Amino acid sequence: MSGPFASTIAQSLLVKLGTFAGQEFCLAWGLEADIARLEKRLSAIAAVLSDAEQKQSKNDKIRFWLNDLREVLYDAEDVLDEIECETLRRQVVKTKGSTSRNVRRFFSSSNMIKFRSKMGHKIKKIIERLAEISSLKSEFNLSEQAIDRSHVLHEETEMNRSFESFSGLIGRDKDKELIINLLAAPSKVGDAHPFVLPIVGMGGLGKTSLAKSVCDAENVKSHFELKMEVCVSDDFSLKQVIQKIIKSATGERCADLDVGELEKKLEEILNGRKYLLLLDDVWNEDAQKWLLLKSLLSKGADGSKVIVTTRSQRVADIMGTVAAYNLSLLGQEDCLSLFYKCAFKEGQMELYPNLVGIGKQIVAKCKQVPLAVINLGTQLYGKTDETEWKSVRDSEKWEDEGDGILPALKISYQRLPTHLKRCFLYCSVFPKDIKFADLELVQFWMAHGLILQSSNPNEKLEDIGLRYVRELISRCFFQDYLHGWFGASFKMHDLMHDLASSLAQNEFLIISSRNHQISKTTRHLTVLDSDSFFHQTVPKFPNNFHHVRSIVFADSVVGPTCKTDFKKCISEFKHLRSLELTNGSEFEAFPEKIGALKHLRYLNFGTSAKLKRLPKSIFKLQNLQALVTGEGLEELPKDVRYMISLRFLYLTTQQKRLPEGGIGCLECLQTLFIAYCENLEDLCEDMQGLKSLRKLVIYRCNSLISLPRSIKCLTTLEEFGISECRKLDLMTIQEEKKGKIQPLSLSLSLRIVIFDDLPSTIALPEQFLQGSAESLQTFIINKCQKIREMPECIGNLKKLQNLEISDCPSLNKRCRKETGEDWPKVAHIPKINVDGDDSGEETSHSEAGSSGTPSAREEDKLSLGFLLTVIIRGLQFVRCCC
């Protein structure tokens with residue numbers, strides 16, 4: 001199937017064509033007439049696409065027609081992107097070219113007359129192809145429908161209704177109790193070591209949720225010195241599994257260690273320690289691989305135990321040292337309870353008895369699989385129209401082969417708005433079990449034009465993208481949701497990943513040791529085996545890479561090891577939009593040819609510690625919107641200022657100072673993370689150039705002494721966090737007025753401020769607070785032991801809703817409820833969490849945290865540590881597991 005790609009590509013193209021028509025570049029070179037003709041032809045086809053995509057499953061001719069159309073639309077998108085890129089390059093020459101001879105030399109080679117002729121010819125060919133395709137649509141009796149603009153009319157969903165709100169544990173109390181008893185039972189002489197308990201059951205029964213719930217139970221954790229959780233998934237590589245276990249135990253990635261070194265390190269970690277290990281989603285049926293791992297796990301102390309979740313009885317027989325625990329289908333009554341909890345608002349069931357009856361029929365078709373029940377229940381949440389409920393009950397998808405789960409997931413997918421369908425399918429390019437950061441995923445979607453501008457021109461694409469994420473979470477397409485003040489992380493259930501992969505199979509391809517074929521229709525690549533990719537796929541199919549738009553080197557794969565191989569690879573990917581090297585690369589300098597990837601919008605160097613230098617040609621990437629630099633970078637080139645479309649930057653550098661005329665010139669930059677810069681003493685003083693910056697996070701920059709005075713110019717800044725900057729004293733932000741040093745006067749729009757682990761800061765900077773008196777909503781102070789009192793201006797912050805103070809002895813005492821000296825200053829704030837209070841009294845914020853929802857302090861640590869490491873992939877909890 002072509003999925004929803006044709007209609008969403010058409011929508012995106014129409015939006016772009018509308019903005020292109022009046023652009024100076026198109027008018028200057030006579031392309032406006034070509035653009036207008038293309039827009040007219042595309043509009044005529046777009047009107048029938050929704051109907052065509054609904055009918056394609058029953059009509060092969062329509063499906064083939066949509067596939068042909070999709071290829072033309074992609075080509076049209078490439079042409080428009082090429083025009084846009086040239087426009088941006090001319091803008092660089094016009095505004096900044098005079099400052100750089102190299103830049104002038106590069107751009108002067110462009111022959112604009114030749115370019116206009118070339119683009120005009122390409123557009124004409126596309127119009128002809130569209131005309132030919134359009135002539136066939138009359139054969140299919142397609143009806144015109146209004147273009148889906150549900151992304152504009154979006155209503156916020158209830159974000160407390162995520163997958164974890166239901167968790168699939170309803171009706172599993174007895175299962176949980178029995179498994180806990182098995183784990184808590186004392187070891188006996190002659191017991192196998194380690195003790196291995198498999199939990200077996202079909203997909204969607206809640207094996208993982210149950211196993212994690214057991215591991216988190218206090219009466220289980222108390223029996224073990226060390227607890228580890230690892231998702232093994234499809235590919236059981238001994239090296240990868242050991243790396244994951246080590247990472248879960250210590251947070252270390254150990255990507256540069258060979259198998260022998262990894263084995264030795266794991267033995268050292270486990271030696272003499274009684275541990276509990278969860279090996280989740282195991283598929284390996286090779287007994288020899290398990291025996292190799294088991295010999296390493298036996299180094300732990302007696303009484304160590306392993307839980308294995310699997311769908312395969314064969315796996316259970318190979319790994320288990322006791323009889324497998326077979327998880328049964330969920331009882332019918334429990335399924336009904338789960339469904340009604342997902343589908344109805346509180347008190348709503350009694351008002352709609354007819355819906356209750358229809359719901360019972362829907363649940364019967366789910367065949368007692370919790371995941372199916374949860375997904376369909378959430379799809380109907382808040383809906384009171386019987387027609388909608390009946391459409392789920394009577395869907396033709398129930399006739400598909402399956403055990404209840406796949407038909408249910410297909411129905412859930414079918415009910416998604418078109419724009420969310422494509423976003424969901426694009427997630428399949430990432431390997432199973434990967435942790436997503438919402439900020440990063442949105443940038444990936446933006447790189448591929450999946451986020452459509454709303455009718456509100458002031459609404460940023462990033463905000464629309466985050467709404468998309470929240471919608472998919474509320475519909476249970478994502479799970480393991482962890483929310484922080486600066487972002488969120490989540491995963492896809494493996495069955496959801498299977499669904500996305502199956503629906504997008506014509507465009508998405510996984511390169512592994514077993515599969516190294518690639519077709520001309522492939523647009524997105526996931527590389528699980530770099531040797532197969534560079535030495536088999538690339539040489540054998542050199543002409544099939546021209547249309548590839550994204551490449552992800554999986555977490556388990558060390559990226560390119562040979563620069564020559566990668567140079568050849570880059571030269572083939574002429575239309576690449578995103579490149580993610582999860583584990584970076586094995587060479588110190590990246591190939592200069594990357595400058596030829598003019599369509600590139602998203603570039604993530606992952607956790608590479610060996611990559612020391614970015615190529616000088618990086619300034620040619622005028623389309624680049626998101627850049628994650630990696631861990632080993634010595635210096636960010638000053639020419640970063642020429643990447644005028646950059647909106648998201650995650651920077652790690654060994655520089656002592658960020659130079660003027662670099663980052664400070666990025667007028668489109670909205671999000672800036674500066675992390676793990678141990679040598680950084682000063683930021684740049686030209687931050688006034690960051691006219692669009694909304695989020696600034698500085699993390700683990702332990703040499704940073706002060707913040708620049710130019711920070712007062714960041715009038716668009718909304719979220720500001722500083723964490724683990726040991727030498728930083730916030731009170732050094734000062735300026736000279738009339739010969740006197742005074743605190744800097746700020747006029748900001750901050751909504752969230754977090755000061756965390758700043759041992760050199762002796763007082764809170766009033767200018768940050770007073771400067772955001774009309775906007776500040778959340779203020780968190782953690783591990784700032786030298787701060788002794790709350791400033792007077794805190795009483796002026798009338799919009800402040802959340803205040804948390806933790807591990808600040810003096811502040812804790814002074815802000816104690818009712819009796820603290822500073823209590824009158826903060827008493828007006830609705831939610832306050834102050835730990836270390838002798839009275840033990842806290843407000844509702846801390847009470848919410850005790851019920852299972854992350855507290856403000858936990859969320860802070862998720863955002864500043866966990867979220868940052870999720871963005872560069874592969875790292876585990878850094879702060880929140882300390």
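Strand β3 (residues 275-282) and strand β4 (residues 305-310) are paired in the parallel sense over 5 bridges, where helices (H or I, at least four residues) and strands (E, at least two) are DSSP runs numbered from the N terminus, and two strands pair if DSSP finds at least two bridges between them. The structure is a predicted model, in which local features need pLDDT of at least 70 and side-chain atom pairs count only at pLDDT 80 or more, while totals for chains, interfaces and linings use all residues. Residues are numbered from 1 along each chain as its sequence is written, and side-chain values use heavy atoms, with hydrogens and water left out.

Within the β3-β4 pair, leucine 278 stands opposite isoleucine 307 of β4. Helix α8 (residues 207-216) packs on the sheet and touches β1 (195-200), β2, β3 and β4, contact meaning heavy atoms within 4.5 Å; the direction of α8 makes about 165° with that of β4, with axes taken as lines fitted to C-alpha atoms, for helices over the stretch in contact, and angles running from 0 to 180 degrees between N-to-C directions. Helix α12 (residues 287-297) also packs on the sheet, where β1, β3 and β4 are touched, and its direction makes about 165° with that of β3. The sheet as a whole is open and holds 5 strands in the order β2-β3-β4-β1-β5, with parallel pairing. At its edges stand β2 (226-233) and β5 (325-326), each with a single partner strand, so one side of each is left without a neighbour in the sheet.

Aspartate 281 is located in strand β3 and, at 9% relative accessibility, counts as buried, the term being applied under 20% relative accessible area, with exposed over 50% and partly exposed in between (1.4 Å probe, protein chains only). When residues up to four places away in sequence are not counted, aspartate 281 touches Cys231, Val232, Ser233, Thr309 and Asp494. The C-alpha atoms of aspartate 281 and threonine 310 are separated by 5.0 Å, although the two residues are 29 residues apart along the chain.

Helix α8 takes part in a helix-helix packing as well: helix α7 (residues 173-184) and α8 pack at an angle of about 50°, with their axes 10 Å apart. The two helices are therefore oblique to each other, given that angles under 35 degrees count as roughly parallel, over 145 as roughly antiparallel, 65 to 115 as roughly perpendicular and the rest as oblique. The crossing of α7 and α8 is right-handed, a crossing being left-handed if the near helix is turned anticlockwise from the far one by less than a right angle and right-handed if clockwise. On the α7 side the contact is made by Asp175, Lys176, Ile179, Ile180 and Leu183, and on the α8 side by Leu210, Ser213 and Val214.

An open sheet of 3 strands has the order β6-β8-β7, with antiparallel pairing. Its edges are formed by β6 (436-437) and β7 (479-484), each with a single partner strand, so one side of each is left without a neighbour in the sheet. Strand β7 is joined by 4 bridges to strand β8 (residues 487-491), the two running antiparallel, and glycine 487 in β8 is the bridge partner of glycine 484.

Further along the chain, strand β16 (residues 671-675) runs parallel to β17 and is joined to it by 5 bridges, with leucine 696 in β17 as the bridge partner of leucine 672. Strand β17 and strand β18 (residues 719-723) are likewise paired in the parallel sense over 5 bridges, and phenylalanine 720 in β18 is the bridge partner of leucine 696. Of the 5 residues of β17 (residues 695-699), 5 are buried, so the strand is largely enclosed by the rest of the structure. Lys695, Val697 and Tyr699 point one way from β17, whereas Leu696 and Ile698 point the other way.

The largest nonpolar core, a set of buried Ala, Val, Leu, Ile, Met, Phe, Trp, Tyr and Cys residues joined through side-chain atoms within 4.5 Å, contains 122 residues, of which Trp65, Phe424 and Trp445 touch the most other members. Helix α4 (residues 60-96) supplies the largest share of this core, 11 residues. Apart from it lies another core, of 93 residues, including Leu579, Leu581, Ile663 and Phe755. Over the whole chain of 882 residues, 57% count as buried.
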